[in-house]
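Ready to practise reading a protein structure? Have a look at the chain and the fold below, and then try each exercise before you read its solution.

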Amino acid sequence: MIYRTISFSTRLGHGLAGLALGLGLLGAGSALAQVSANPAALQPLPHNVVQLSATAQQTVRQDWLTLTLVQRVQGAEPAALQRQLSQGVEAALRQLRPQVRAGEFELGTGHFSLQPRHNAEGQIVGWIGSAELLLQGRDVAALASAAAQVRGLNVAQMAFSLSPQARQQVEASVRSAAIERFRASAQQVARDFGFASYSLREIAISDGEQDFSPRPRLMLAAQARLDGAEAALPAEPGTAQVQVTVAGTVQLQ
């Protein structure tokens with residue numbers, strides 16, 4: 001009886017050991033399979049990695065003017081208002097088309113809307129319509145003068161910015177300066193930490209423009225005309241700051 005009990009216990013122990021060994025091998029095989037399926041798990045964790053950023057900026061004079069001219073009408077019939085707006089914008093286009101010069105004096109139509117007017121009971125009692133005409137370009141004097149001469153449309157907004165050509169040239173120069181500052185900063189940090197050099201890991205470049213021009217003073221067309229003579233709108237360009245930031249991580253070596 002004693003021998004059989006011991007023998008049974010021994011065989012049971014061997015069975016449990018074998019089961020544990022089998023489970024262990026199965027777990028190891030599963031772990032190896034996961035590692036094989038994910039090669040990144042075999043890569044060592046990054047070390048000696050530094051995050052840096054550098055910014056360069058340049059202040060330039062704005063060279064692009066955008067004038068928004070608007071015609072507003074109201075009445076009882078929306079179809080009649082639409083015809084009136086279309087005729088007013090078309091007349092302005094015919095008047096200004098001879099002055100069009102690519103990049104200097106450009107024309108375009110803007111927002112067009114017809115909206116109902118309601119009384120206190122919610123009933124439609126009339127309609128309000130508006131149509132926009134856009135004048136833009138680098139010839140500030142010609143644009144401001146033309147805006148005051150257009151019949152039936154008033155200047156609703158005036159804004160200065162950089163022309164696409166000027167922005168492209170300035171951004172290229174500022175971007176190069178920002179990259180050079182980032183490289184110099186990375187090299188200096190590497191030396192300060194006792195490393196000889198560095199290698200790039202990730203880089204992000206962002207750019208933008210900040211407007212520092214004063215708000216232009218607008219004059220209605222009726223106010224801009226003195227004694228029946230047209231007077232050009234006051235338009236003076238301001239400055240803008242083009243800024244480029246280079247940010248990323250480097251591996252010290």
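The exercises below work through a predicted model, and each comes with a worked solution.

**Exercise 1. Find the order of the strands in the open sheet of four strands, and name its edge strands.**

Step 1. Begin with the general idea: strands of a sheet pair through backbone hydrogen bonds, either parallel or antiparallel.

Step 2. Read across the sheet: the order is β3-β4-β2-β5, and the pairing is antiparallel.

Step 3. Look for strands that pair on one side only: these are β3 (106-118) and β5 (154-161), the edge strands.

Step 4. From one strand to the next, the twist averages 20°.

Step 5. Zoom in on one pair: β2 (residues 64-75) and β5 are joined in the antiparallel sense by seven bridges. Within β5, asparagine 154 is the bridge partner of valine 70.

**Exercise 2. Decide whether helix α3 is largely enclosed or open, and say what its buried residues pack against.**

Step 1. Locate the helix: α3 (residues 140-149) lies across β2, β4 (124-137) and β5, and runs at about 10° to β2.

Step 2. Pick out the buried residues, using the cut-off of under 20% relative accessible area. In α3 they are Val140, Ala142, Leu143, Ala144, Ala146, Ala147 and Ala148.

Step 3. Draw the conclusion: seven of the ten residues are buried, so α3 is largely enclosed by the rest of the structure.

Step 4. Name the surroundings: the buried residues of α3 pack against β2, α2 (78-96), β4 and β5.

**Exercise 3. Compare two residues of helix α4: is glutamate 171 buried or exposed, and how does isoleucine 179 count?**

Step 1. Place glutamate 171 in helix α4. Its relative accessibility is 11%, so glutamate 171 counts as buried.

Step 2. Check its contacts, leaving aside neighbours within four places in sequence: glutamate 171 touches Asp207, Val242 and Val244.

Step 3. Turn to isoleucine 179, also found in α4 (residues 164-192). Its relative accessibility is 34%, so isoleucine 179 counts as partly exposed.

Step 4. See what isoleucine 179 belongs to: together with Leu200, Ile203 and Ile205, it forms a nonpolar patch on the surface, with about 340 Å² of accessible area in total. Strand β6 (residues 198-211) gives the largest share of this patch, three residues.

**Exercise 4. Work out which parts of the chain are tied together by the salt bridges of arginine 101 and glutamate 104.**

Step 1. Recall that side chains of opposite charge can pair when their charged atoms come close. The count for this model comes to seven salt bridges.

Step 2. Take the pair of arginine 101 and aspartate 139, with 2.7 Å from N to O. Arginine 101 is in the loop between α2 and β3, and aspartate 139 is in the loop between β4 and α3, so this pair ties together parts that are 38 residues apart in sequence.

Step 3. Now take glutamate 104 and arginine 138, whose closest N and O atoms are 3.2 Å apart. Glutamate 104 lies in the loop between α2 and β3 and arginine 138 in the loop between β4 and α3, so here the parts tied together are 34 residues apart in sequence.

Step 4. Finish with accessibility: glutamate 104, at 24%, counts as partly exposed, and arginine 138, at 29%, is partly exposed.

Notes
Residues are numbered from 1 along each chain as its sequence is written. This is a predicted model: local features need pLDDT of at least 70, side-chain atom pairs count only at pLDDT 80 or more; totals for chains, interfaces and linings use all residues. Side-chain values use heavy atoms; hydrogens and water are left out. Two strands pair if DSSP finds at least two bridges between them. Axes are lines fitted to C-alpha atoms, for helices over the stretch in contact, and angles run from 0 to 180 degrees between N-to-C directions. Contact means heavy atoms within 4.5 Å. Patches are made of residues with over 30% relative accessible area and no salt bridge: like charges are joined within 9 Å, nonpolar side chains (Val, Leu, Ile, Met, Phe, Trp, Tyr) within 5 Å. Accessible areas come from the Shrake-Rupley method with a 1.4 Å probe; for residues, only the protein chains shown count as cover. A salt bridge is a side-chain nitrogen of Lys or Arg within 4 Å of a carboxyl oxygen of Asp or Glu. Buried means under 20% relative accessible area, exposed over 50%, partly exposed in between (1.4 Å probe, protein chains only).
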